[in-house]
There are 2 protein chains.
Amino acid sequence: MADTLLALAHDLPDVHASDDAADRVAYARDLWPRHHLAVRAGNVAGHRPAVVVWPETTEQVARVVRWAAERGVPLVPFGAGSGVCGAVLPREDVVVVDLKRMARWRAMDERAPWLEVEAGHMGLPLEEALGQRGFTLGHFPSSILCSTVGGWVAARSAGQASGYYGKIEDMVVALECVTGAGDVVTLHRRARGPDLVPLVVGSEGTLAIVTAARLRLHPAPSARAFAAWSFDTTEAGWNALRDLFQGGLRPAVSRLYDPFDAMLARRGRVGRPRRADDVPISPDPGAGAAALRGLLRHPGALNEVLDSVGSRVFGGALLLVIFEGDGEQSSRDVDRARARVEALGGRWEGEGPARRWLAHRYSISYRQSPVFAAGAFSDTMEVAATWSKLPALYQGVRRALGEHVFVMAHLSHAYPDGCCIYFSFAGRARRAPPGGWDAACEQLYDGAWRAALDAAIEAGGTLAHHHGVGRSKAPRLGAELGTGIDLVRALKRTFDPRGILNPGALIPPVDPDPYVADAQPAELSA
Amino acid sequence: MADTLLALAHDLPDVHASDDAADRVAYARDLWPRHHLAVRAGNVAGHRPAVVVWPETTEQVARVVRWAAERGVPLVPFGAGSGVCGAVLPREDVVVVDLKRMARWRAMDERAPWLEVEAGHMGLPLEEALGQRGFTLGHFPSSILCSTVGGWVAARSAGQASGYYGKIEDMVVALECVTGAGDVVTLHRRARGPDLVPLVVGSEGTLAIVTAARLRLHPAPSARAFAAWSFDTTEAGWNALRDLFQGGLRPAVSRLYDPFDAMLARRGRVGRPRRADDVPISPDPGAGAAALRGLLRHPGALNEVLDSVGSRVFGGALLLVIFEGDGEQSSRDVDRARARVEALGGRWEGEGPARRWLAHRYSISYRQSPVFAAGAFSDTMEVAATWSKLPALYQGVRRALGEHVFVMAHLSHAYPDGCCIYFSFAGRARRAPPGGWDAACEQLYDGAWRAALDAAIEAGGTLAHHHGVGRSKAPRLGAELGTGIDLVRALKRTFDPRGILNPGALIPPVDPDPYVADAQPAELSA
């Protein structure tokens, strides 16, 4: 570490760098819950990077990359560290490249309209500054308080309003990035020839480091219109959701909660991500922990009970939608939506649930700690499929997870041809094996994920919709891509011939190397 | 040639192949007007392929590719040959791979909905068969009578209804293709990781041969609503067009004709592509040819006269739009559009112009021959830019072309952030140089194109919007892509290590080779 910093300081004296112990610990994690188990045990060994650098210009990024390529030093590009799949979890020989000092607006064209902004710009301040000028990017991931433009591009992020504005890949017009060879390349999304932008979007820092993005903007909406309906079954709800999108309606927000999730939503908790801390626990941490431990001891039984009482007790599934635009059009859209949804059996629930959801849209849960403090864990899994495969995906993943953990689900990010299912789950080991509680939790966690990923692939779904692949799902990417994985590997060699960019993330290694084996339990790579 | 066929027949006896003289002449061209000049002179030498093969399965395509890769034989994938940029113009050592015997429907999912269809399926029968099942692909290129699914994907085609349904790249969910190494790969457009589909879409057969595509479908629209407005200037018209799309309206069709084009449109010729045969010429071929020769002798003066009388004589620019969907919504869309456009100075022209356009949408001009028979040529150039750059692009390309040829323009394929400009031009050499009239026409043609492409790049526009790059624009792709061209070359080596797939198309060679030098006049590669 000291050697790496000395060499860096000698060769690139103008690039701000540190191997201070506090910095190294601060960058020894992202928000991957599995790693959270280790952090809870106070164990960050193996993941403190050698050095952290904070380049301020694209030219500095390029020089850092060329420096690293010459020496074979692995780099991990870093935004705000809120990924949940271990995509930026470093190992100890890594130089972390934090882009947050690159946060300038470079150019704006109000006629097109677009904004060119550097990759390190944080999410919420960007949307607020655009709003003051009468624009919106339309990108509202629930991580908007703790994520960057570069992170969105790298992970192929989706915001809550994706129904109208699309995912981040629909917003990116051009990317400036630095390849693994240290070349600065600007890729424009143009009308002819192959489009290279979609290669880098979603590549999670493994092909190039994104330094700036030109993003398509929209006029800020002047009005919103709200609607919600309940259904006897989740299936009836998603048939209505499909009908809305195939009928040409494009609600910015659409969310369908299954009966238990819907019950929580009706109780006003709908603004928070469906995480384990939404399991009704007492505000007293001690009592809550005990209740949680009890609840999570028999997840299979708990899931079955909730399934069987389902809509009878909880009042059915709940679909809420929000249209954006000018006032007249938005309320017409609600009229059209009501006609369609109510013809399919939806019961009108008024504007309230969708309004409440919007009011709490950023009430992001930073309160995982009570769950983890109770010796349990929580996580989320977002998968997607075309409508025909959705029932098998929903049932398959739910069943697979349900054998290990307590699981809830909602659907969001709908499209004319399919939808994303967002599972939230929480678990706790029943008894401590020789390795102790943490090892037991890890075993349970790995078992749940392995079963869920297998089920998603089996059902013909994707491994991920907007959280990315990271290190947690990389070993399964080959199973989803089939022969396409060879092309991805070939592209990796093309963009990053020395293999220094974020090794271990996204792309499964042909021969497992120690980094991946370390970050990745053997069971997951099976 | 005989050797190639003998070797093919020996190694792949079940693949239908021919080196019959008639077949070789039939495949010695596409619809690139420059090559048309040579064809007019009866000269197809240099472009008759060695052999034509008609594979019937993906497996046969893969075996042909592996066979060719082993021997270094160049392949040209072929759909229906209606490209206008020389993308499938073969040389004499080439094996043409005609995909039209692969035209099966493989699978259809009416819930998503999507269709998986083989690459050789022709356009219009596909749309008709989908219509019988209540669906539409929404892809209506003016070449729909003479183009295939694979050709659309290869060229990144746009249909007339792209305002609502998008370009072909928005319709492709998955591609089955054969790489230059002979590997069959299926690429799915999924939510996570890098998206490889956009690499192959638009790659014009240089990275892989597309054998099948899974295409997103839409419910067939139950109604259409029509609108048209006139404007004093073309600029006022495109401001209104921009306002429509940025205001959230998505007319399937939107076309803005400049004053002279609009005059032709008003005379009922609006359904035909704006080509030289729309220059008002007498139905008597002899008199027409003479009139055309006269008109085209001084294109600069003619352009100036038409410019200066412009809107006064011709009645201004004309914008027509067509909304699709259910009846109620479509007519509401027209109401919303009227409010916006008329606030910006548009004069309501009723439904007539747009209805007439639709009635003649497939009245494609196969009548280039009178123009060419008159010793002249015609061509079209479609470029695109964001709205801010559109005025410079329009004026720059118009001026550059106008010094060489007679030029008209219309705008179609609008988006919230920009638009395509479609130039139509016709020219004739003023005097015969030593090489004769054909050589003189070629010189004029090359000069016009060189000036126009330079002007498009100078204005920050694209070289092409939906006709592709082919052989005619390949030498300039580097000027548009900048350093990105190195990545394209690296991708070419990755997908097609032997360089056998459609060499000379799309990707400018690092060292010009005889094929390109032959197909490409030196001036164009300057």
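Accessible areas were obtained by the Shrake-Rupley method with a 1.4 Å probe. On this basis, chain A of the predicted model exposes about 17,600 Å². Carbon and sulfur atoms supply 53% of this exposed area. Of the 526 residues of chain A, 62% count as buried, where buried means under 20% relative accessible area.

The secondary structure of chain A comprises 22 helices and 18 strands. Contacts in chain A between residues at least 6 apart in sequence were also examined; 74% of these contacts join residues at least 24 apart.

Strand 3 of chain A, which spans residues 75-78, is covered on both of its faces. On one side lie L75(A) and P77(A), and on the other lie V76(A) and F78(A); all four of these residues are buried. Strand 3 of chain A pairs with strand 4 of chain A, residues 95-98, in the parallel sense. The pairing extends over 4 bridges. Within this pair of strands, P77(A) of strand 3 stands opposite V97(A) of strand 4. P77(A) is thus described by two features: its burial on one side of strand 3 and its position opposite V97(A).

The relation between the two chains was then considered. A turn of 180 degrees, with a shift of 0.0 Å along the axis, lays chain A on chain B with an RMSD of 0.0 Å. That is the relation of a two-fold axis. Of the interface residues of chain A, 100% are also interface residues in chain B, so the copies meet through the same surface.

Notes
Residues are numbered from 1 along each chain as its sequence is written. Chains are lettered from A and ligands numbered from 1 in the order in which they are written. This is a predicted model: local features need pLDDT of at least 70, side-chain atom pairs count only at pLDDT 80 or more; totals for chains, interfaces and linings use all residues. Side-chain values use heavy atoms; hydrogens and water are left out. Buried means under 20% relative accessible area, exposed over 50%, partly exposed in between (1.4 Å probe, protein chains only). Contact means heavy atoms within 4.5 Å. Two strands pair if DSSP finds at least two bridges between them. Copies are superposed by least squares on the C-alpha atoms of residues with pLDDT of at least 70 in both.
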